[in-house]
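The following note sets out numbered points on the model displayed here. Each point may be checked against the coordinates.

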Amino acid sequence: MGCTQTGNGGQVFECRLVNYAIEFYPQARRFLTRLRDASLYKRIQRAIDNLQADPRSAGCKKLAGSSNRYRIRVGDYRIIYEVEDATVRVLVLAIGNRRDIYN
């Protein structure tokens, strides 16, 4: 997918809509499979699905000490992920309650 727009002075701007591939570390996948709260599961899954289109959305926070690790908040839960632009993928490292996730 792509778009082209002509700006002032005949300049041409291009944009590409790229969907990132989502991959999970076993720990993150295990958390999702063991989650029994259906509404929380849907909210977390929706947040992860949104990472495909925009892994650096307005709600994400960059983690200190890392060049490409971020976190997003879903209620009291956090999703820790890594963005790999060269391979166009998002690697979900961990999902968990905020009190446990950073340990």
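1. Arg71 is buried (under 20% relative accessible area, with a 1.4 Å probe and protein chains only; over 50% is exposed, and partly exposed lies in between). Arg71 nevertheless has no salt bridge, that is, no side-chain nitrogen of Lys or Arg within 4 Å of a carboxyl oxygen of Asp or Glu. The nearest side chain of opposite charge, Asp76, is 11 Å away; Lys and Arg count as positive, Asp and Glu as negative, and His and the chain ends are not counted.

2. This is a predicted model, in which local features need pLDDT of at least 70 and side-chain atom pairs count only at pLDDT 80 or more, whereas totals for chains, interfaces and linings use all residues. Residues are numbered from 1 along each chain as its sequence is written, and side-chain values use heavy atoms, with hydrogens and water left out.

3. Arg71 belongs to strand E5; strands (E, at least two residues) and helices (H or I, at least four) are DSSP runs numbered from the N terminus. Leaving out residues up to four places away in sequence, Arg71 touches (heavy atoms within 4.5 Å) several residues, among them Gly59, Cys60, Arg78 and Tyr102.

4. Arg73 also lies in strand E5, which spans residues 69-74. Arg73 is exposed, at a relative accessible area of 57%. A polar atom of the Arg73 side chain lies 3.4 Å from the backbone oxygen of Gly75.

5. The largest nonpolar core (buried Ala, Val, Leu, Ile, Met, Phe, Trp, Tyr and Cys residues joined through side-chain atoms within 4.5 Å) has 20 residues. Helix H1 (26-34), helix H2 (38-53), E5, strand E6 (77-84) and strand E7 (89-97) each give two or more residues to this core. H2 gives the most, with five. Ile44 is one of the residues with the most contacts inside the core; beyond its neighbours within four places in sequence, Ile44 is in contact with residues including Phe31, Val74 and Ile95.

6. There are two aromatic pairs (ring centres of Phe, Tyr or Trp, the last by its six-membered ring, within 6.5 Å; planes under 30 degrees apart are stacked, over 60 edge-to-face, the rest tilted). The Phe31 and Tyr77 rings have centres 5.9 Å apart and planes at 50°, so this pair is tilted. Phe31 in helix H1 and Tyr77 in strand E6 are 46 residues apart. The Tyr70 and Tyr81 rings have centres 5.9 Å apart and planes at 25°, so this pair is stacked. Both Tyr70 and Tyr81 are buried.

Technical notes
A polar contact is a pair of N or O atoms within 3.5 Å; within protein, one must be able to donate a hydrogen and the other to accept it, and residues adjacent in sequence count only if both atoms are side-chain atoms.
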